[in-house]
Each structure stands twice: as C-alpha cells, then as structure tokens.
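Colleague: Please pick one part of this model and go through it closely, with its surroundings. I would like the cut-offs stated as you go.

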Amino acid sequence: CCPTNMQSLVLGCLLDLCENPKSLSHVLTWRGRTGRATATSHRLLLRLWRDEETSLGVARTGDGVLSDVINPLKSADRFLESDQPKVASRAIVDVVGNMRAKMWALFSKIGFDGGVV
C-alpha cells in the first residue's frame, strides 16, 4: 500500500476514476501480490477498512462483529467529543478525518451493496 497520510488522497483519486465505467472494470480485475496471497481490489479495500477502524478505535468482538450495534460508526474519539470545542459539524469532521466514507463509496461502486462480488 502507500503511506497512511496519502491513502485518503489515493482513495479519492480511485473513487473519481471509478466514475468512468471503463475504469471500474480495471479496478475489478486488478491483482497484486502481498506476501503469499494474491491481493485483489476487494481484499485491499477490506484491509484498509479494518486498518482504519483499528486506528479509530472501533470496538469489535473476538469474532470480528461490531461491539456496538446501536451506534456502529461510533469510534473511540467520539467519546471524547464533549471535551473538544465545536468547530464544525461531526459529519464534516468524519468525512474529512477518516477514509470510511470514500471506502464505502468504492465498495458500492464495485458491487458490495448489491450482493455480487
């Protein structure tokens, strides 16, 4: 992958490229190598999602299930929200501050929301 501070920019560019249906087919067929396993665009995005959740402190059980099913997008930094001054809406901070929105849009583009992957 690329350095963490560049991942959001690269995901944004990839998301823009996926607006073109011809580019989308290239993303779907991309293969790379990471260690012993063959990486696909799906596996790469899932790994980035998990890495982002880990960095945000999203709680999961030992089975990988979200611990908080009532507020599944709540991360550890939201518990400290009352200590921070209000400079922008929480939604804007979430979109700018983490990559989950871009990854979710890419998941939707490649078919995760339609059940076909």
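Modeller: I will take helix H2 and the elements packed around it; the cover over the buried residues of H2 includes helix H1 (4–17), H3 and helix H5 (100–109), a contact being heavy atoms within 4.5 Å. This is a predicted model, in which local features need pLDDT of at least 70 and side-chain atom pairs count only at pLDDT 80 or more, while totals for chains, interfaces and linings use all residues. Residues are numbered from 1 along each chain as its sequence is written, and side-chain values use heavy atoms, with hydrogens and water left out.

The chain has 5 helices and 2 strands; these are DSSP runs numbered from the N terminus, with helices (H or I) of at least four residues and strands (E) of at least two. Along the sequence the pattern reads α-α-β-β-α-α-α. Of its 117 residues, 27% count as buried, where buried means under 20% relative accessible area, exposed over 50% and partly exposed in between (1.4 Å probe, protein chains only). Taking contacts between residues at least 6 apart in sequence, 50% join residues at least 24 apart.

Now H2 itself. This helix covers residues 21–29, and Ser23, Leu24 and Val27 are its buried residues. Looking down the axis of H2, these buried residues fall within an arc of 105°, so they line one face of the helix; the arc is taken over the directions from the helix axis to the C-beta atoms. The other side of H2 holds the exposed residues Pro21, Lys22, His26 and Thr29. The N-terminal end of H2 is capped by Asn20, with a side-chain oxygen 2.9 Å from the backbone nitrogen of Lys22. The rule for such a polar contact is a pair of N or O atoms within 3.5 Å; within protein, one must be able to donate a hydrogen and the other to accept it, and residues adjacent in sequence count only if both atoms are side-chain atoms.

From H2 the view passes to H5, through Lys109. Lys109 lies in helix H5 and, leaving aside residues up to four places away in sequence, touches Leu15, Cys18, Glu19 and Leu24. Leu24 is one of the buried residues of H2. Lys109 and Leu15 are 94 residues apart along the chain, yet their C-alpha atoms are separated by 8.4 Å. Because its relative accessibility is 31%, Lys109 counts as partly exposed.

Side chains of opposite charge can pair when their charged atoms come close. Glu19 and Lys109 form a salt bridge of 3.1 Å, N to O. This pair links distant parts of the chain, since Glu19 sits in the loop between H1 and H2 and Lys109 in helix H5, 90 residues apart. A salt bridge here is a side-chain nitrogen of Lys or Arg within 4 Å of a carboxyl oxygen of Asp or Glu, and the count comes to 3.

H5 also carries an aromatic pair. The structure holds 2 aromatic pairs. In one of them, Trp104 and Phe107 meet edge-to-face, 6.5 Å centre to centre with 75° between the planes. Rings of Phe, Tyr and Trp (its six-membered ring) pair if their centres lie within 6.5 Å; planes under 30 degrees apart count as stacked, over 60 as edge-to-face and the rest as tilted. Because Trp104 and Phe107 are 3 residues apart in helix H5, about one helical turn separates them. Phe107, at 4% relative accessibility, counts as buried. Trp49 joins Trp104 and Phe107 in one aromatic cluster.

Trp49 belongs to H3, where the buried residues are Ser41, His42, Leu45, Leu48, Trp49, Glu52, Glu53 and Leu56. Down the axis of H3 these fall within an arc of 135°, so they line one face of the helix. Exposed residues on the face turned away from that side are Arg43, Thr54 and Ser55. The helix H3 has 16 residues (41–56), which at 1.5 Å a residue should span 22 Å, and its end C-alpha atoms are indeed 22 Å apart; the expected span is 1.5 Å times one less than the number of residues. Just after H3, Gly57 has a positive phi of about 80°.

H3 takes part in the other salt bridges too. Arg47 and Asp51 pair at 3.8 Å, N to O, and both lie in H3, 4 residues apart, about one turn of the helix. Glu53 pairs with Arg60, their closest N and O atoms being 2.8 Å apart. Glu53 is buried, at a relative accessible area of 4%, whereas Arg60, at 28%, counts as partly exposed.
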